[in-house]
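New to this one? Here's a quick tour to help you find your way around before you start clicking on things.

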Amino acid sequence: MKRLFLIAILFALFSGALYAQHVDVIVLKARVVNGDTLPQITLPEVNIRGFIIFRSPADQRRFDRLVRNVKKVYPYAKLAGIKLNEYEAMMAGLPEKEQRKLLKRAEDELKAEFGDELKALNFTQGKILLKLVDRETGNPTYHIVRELRGSFVAFFWQNLSRLFGYNLKEKYDPEGKDRDIETIVTMIENGLI
């Protein structure tokens with residue numbers, strides 16, 4: 001019994017010393033219920049997904065291929081969202097002539113830095129990239145091109161892309177047909193893959 005008492009005292013002393021060295025103050029909302037003060041904490045939304053159960057080995061291979069493709073193009077989509085916000089901030093308040101010069105310079109820089117890598121993407125990776133750019137920016141690629149380069153250029157690229165099986169106007173549907181892509185992106189963002 002003496003040993004237990006001694007351990008409790010030592011624990012109290014050391015935990016008090018450690019607590020005194022590192023004090024974090026958190027201010028919370030609270031409410032009083034029947035004389036007790038209860039803290040109110042708003043927790044972030046959590047999506048709970050079960051394990052993915054595949055019906056066949058072919059489904060497993062298809063999903064694994066999709067994971068590889070999404071992991072390859074997701075950084076480009078994130079970068080596209082960041083760069084688009086940067087360029088929109090830089091163009092705010094500039095005259096149209098200066099905006100065109102800025103866009104031309106930005107396009108040349110991006111081509112020099114990522115042109116070869118983006119040309120090396122396969123068909124499926126290109127489609128996924130278009131969808132993920134829509135996810136990151138909130139606008140389909142067609143609308144981004146139309147906003148930055150004009151309606152005629154957007155029309156040209158949409159028709160050219162349709163010849164090769166792409167659709168720049170296609171919206172990202174995280175609850176529908178793009179559910180697997182959304183699952184993979186969520187797993188990447190949470191550090192699970």
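What follows is a short briefing, grouped by topic.

Keep in mind that you're looking at a predicted model. The chain has 193 residues, and 24% of them are buried. It's built from seven helices and two strands.

**The overall layout**

- Going along the sequence, you'll meet the elements in the order α-β-β-α-α-α-α-α-α.
- Take the contacts in the chain with a separation of 6 or more: 63% of them are between residues 24 or more positions apart.
- The chain's accessible surface adds up to about 14,900 Å², and carbon and sulfur atoms hold 59% of that.

**Two patches on the surface**

- One patch is nonpolar: it's made by Ile-26, Leu-28, Ile-41 and Leu-43, which together have about 470 Å² of accessible area.
- If you want to find Leu-43, look in the loop between strand 2 (36-40) and helix 2.
- Leu-43 counts as exposed because its relative accessibility is 69%, and the cut-off for exposed is over 50%.
- The other patch to look at is negative, and it's formed by Glu-109, Glu-113, Asp-116 and Glu-117.
- Glu-117 sits in helix 3, which covers residues 96-119.
- With a relative accessible area of 36%, Glu-117 is partly exposed; that value is over the 30% needed for a residue to join a patch.
- A handy rule here: an α-helix has 3.6 residues a turn, so residues three or four places apart point the same way.

**Helix 7 and what it packs against**

- Helix 7 runs over residues 179-189, and its buried residues are Ile-181, Glu-182, Thr-183, Ile-184, Val-185, Thr-186 and Ile-188.
- Those buried residues pack against two other helices, namely helix 2 (57-91) and helix 4 (123-137).
- After helix 7 comes Gly-191, which has a positive phi, near 75 degrees.

**A buried serine in helix 6**

- Ser-161 belongs to helix 6, which spans residues 151-163.
- Is Ser-161 buried or exposed? Ser-161 is buried, because its relative accessible area is 9% and buried means under 20%.
- Which residues does Ser-161 touch, leaving aside its neighbours within four places in sequence? Its contacts are with Tyr-166 and Leu-168.

Note on methods: Residues are numbered from 1 along each chain as its sequence is written. This is a predicted model: local features need pLDDT of at least 70, side-chain atom pairs count only at pLDDT 80 or more; totals for chains, interfaces and linings use all residues. Side-chain values use heavy atoms; hydrogens and water are left out. Patches are made of residues with over 30% relative accessible area and no salt bridge: like charges are joined within 9 Å, nonpolar side chains (Val, Leu, Ile, Met, Phe, Trp, Tyr) within 5 Å. Accessible areas come from the Shrake-Rupley method with a 1.4 Å probe; for residues, only the protein chains shown count as cover. A salt bridge is a side-chain nitrogen of Lys or Arg within 4 Å of a carboxyl oxygen of Asp or Glu. Lys and Arg count as positive and Asp and Glu as negative; His and the chain ends are not counted. The place of a charge is taken as NZ of Lys, CZ of Arg, CG of Asp or CD of Glu. Helices (H or I, at least four residues) and strands (E, at least two) are DSSP runs, numbered from the N terminus. Buried means under 20% relative accessible area, exposed over 50%, partly exposed in between (1.4 Å probe, protein chains only). Contact means heavy atoms within 4.5 Å.
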